[in-house]
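Hi everyone, thanks for making time. I'd like to walk you through a structure that is new to most of you, so let me put it up on the screen.

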Amino acid sequence: MVVPVIATLVGLAILAWSAEKFVMGAATVARFLGMAPLLIGMIVIGFGTSAPEIVVSSFAAAQGTPEIALGNAFGSNIANIGLILGVTAIVLPIIVKRGILRKEMPLLIVVTLVAWLLLSDGELSRGDAAVLVLLLIVLLTWSVMQSKQETDGDYAHDVDQETDERGLSRKAAWIWLVVGLVLLVLSSRLLVWGATKIAQELGWSDLVIGLTVVAIGTSAPELASSLAAARKGENDLALGNIIGSNLFNTLGVVGVAGLIAPAAVGTDLLYRDIPMVMLMTVLLLVFGFRLRRNGRINRFEGAAFVALWLGYTAYLVLNPA
């Protein structure tokens, strides 16, 4: 038990440091490439911080533990909104721009619903997985096309100011982005290994391990990145991080795991866990909605998200079989 505990603590420490460097590099690269901030949040950071989920779920599926893979994907989505976005909003209320309310949030609800319907027959087949991966490709293509038509002067000003303060060159920005991303993935893997070993000693089921320990561990990069972005006032980056990560988890993580090894889908996942993902996602839209103006997720609403996540997690811990 000593080695897994040390691995977990070391993983957390490296995550906290590397996430700051990764966000700094990503924000600066956004300026040099002229990308829209939401695109950076959804693709660069969304994919980068979802890489641990993809790696862990792929290994879990290949090693014959598909419940860990599915629990990891949907548990991470719950943690992203309930824990990560909730804590971030408590630290600094999050501005939700009208464009996100009209397009990205409804899209996330639709994607969650599609995944739920595909799994409703109690099986994740390779056909289901192929549909999810195809949707991810379409989504990425659509995001790139949209970004070319949108500008964000406020964010550009923020990035310029941040870049001037850091004094990063183009080369240095790319180095920090790559180094931060690599360390995020490696430290997350170390964290998940240690935490999973601890949970197994407690006799938890594969699904509960995936929904709790593994999901929290692989979501740690999102937490660190979102808090770092919030401290810099880059609200688009923080919210785009969460939305992008959840889209990648639902389409990419579940899709890749299903392509590697088809899996049976239990009733707990269908009637307890995916509905919780849907509830969190709908609440995100409801809390952020404001008529004819930008929305705002305030500290009270952030605390409500955290409380909901804590209640759900406590239920799983008390019923781990």
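**Starting from one phenylalanine**

Let's begin with Phe305, which is buried, with a relative accessible area of just 1%. Before I go on, a word of caution: this is a predicted model.

So what does the ring of Phe305 pair with? Its partner is Phe287, and the two sit edge-to-face, 5.1 Å centre to centre with 65 degrees between the planes. That is the one aromatic pair counted here. Phe287 belongs to helix α10, residues 267–288, while Phe305 belongs to helix α11, so the pair links distant parts of the chain, 18 residues apart. Phe287 counts as buried too, because its relative accessible area is 17% and the cut-off is under 20%.

Okay, let's stay with α11 and look at what else it touches. Helix α3 and helix α11, which covers residues 299–318, have axes that come within 7 Å and cross at roughly 145 degrees. The crossing is left-handed. Which residues meet there? On the α3 side you'll find, among them, Ile78, Ile81, Leu85 and Val91, and on the α11 side they meet residues including Phe305, Val306, Trp309 and Tyr312. So our Phe305 turns up again in this contact. By class, the contact between α3 and α11 has 14 nonpolar residues, three polar and one charged.

Now, keep an eye on Leu85, and let's move on to the core. The largest nonpolar core has 62 residues, and Leu85, Met105 and Leu239 touch the most other members. Which helix gives this core its largest share? That's α3, residues 66–91, with twelve residues. There's also another core lying apart from it, made of eleven residues, including Ala26, Val29, Leu177 and Ala224.

Let me zoom in on Leu239 for a second. Setting aside neighbours within four places in sequence, Leu239 is in contact with Leu85, Ile94, Ile95, Val96, Ile100 and Met105. So Leu239 touches both Leu85 and Met105, the residues named with it for touching the most other core members.

Finally, let's zoom out to the whole chain. How many helices and strands are there? Eleven helices and four strands. Of the 321 residues, 54% count as buried. And of the contacts with a separation of 6 or more, 87% are between residues 24 or more positions apart.

That's my tour, thanks for listening.

Technical notes:
Residues are numbered from 1 along each chain as its sequence is written. This is a predicted model: local features need pLDDT of at least 70, side-chain atom pairs count only at pLDDT 80 or more; totals for chains, interfaces and linings use all residues. Side-chain values use heavy atoms; hydrogens and water are left out. A nonpolar core is a set of buried Ala, Val, Leu, Ile, Met, Phe, Trp, Tyr and Cys residues joined through side-chain atoms within 4.5 Å. Buried means under 20% relative accessible area, exposed over 50%, partly exposed in between (1.4 Å probe, protein chains only). Helices (H or I, at least four residues) and strands (E, at least two) are DSSP runs, numbered from the N terminus. Contact means heavy atoms within 4.5 Å. Axes are lines fitted to C-alpha atoms, for helices over the stretch in contact, and angles run from 0 to 180 degrees between N-to-C directions. A crossing is left-handed if the near helix is turned anticlockwise from the far one by less than a right angle, and right-handed if clockwise. Ala, Val, Leu, Ile, Met, Phe, Trp, Tyr, Cys and Pro count as nonpolar, Asp, Glu, Lys and Arg as charged, and the others, Gly among them, as polar. Rings of Phe, Tyr and Trp (its six-membered ring) pair if their centres lie within 6.5 Å; planes under 30 degrees apart count as stacked, over 60 as edge-to-face and the rest as tilted.
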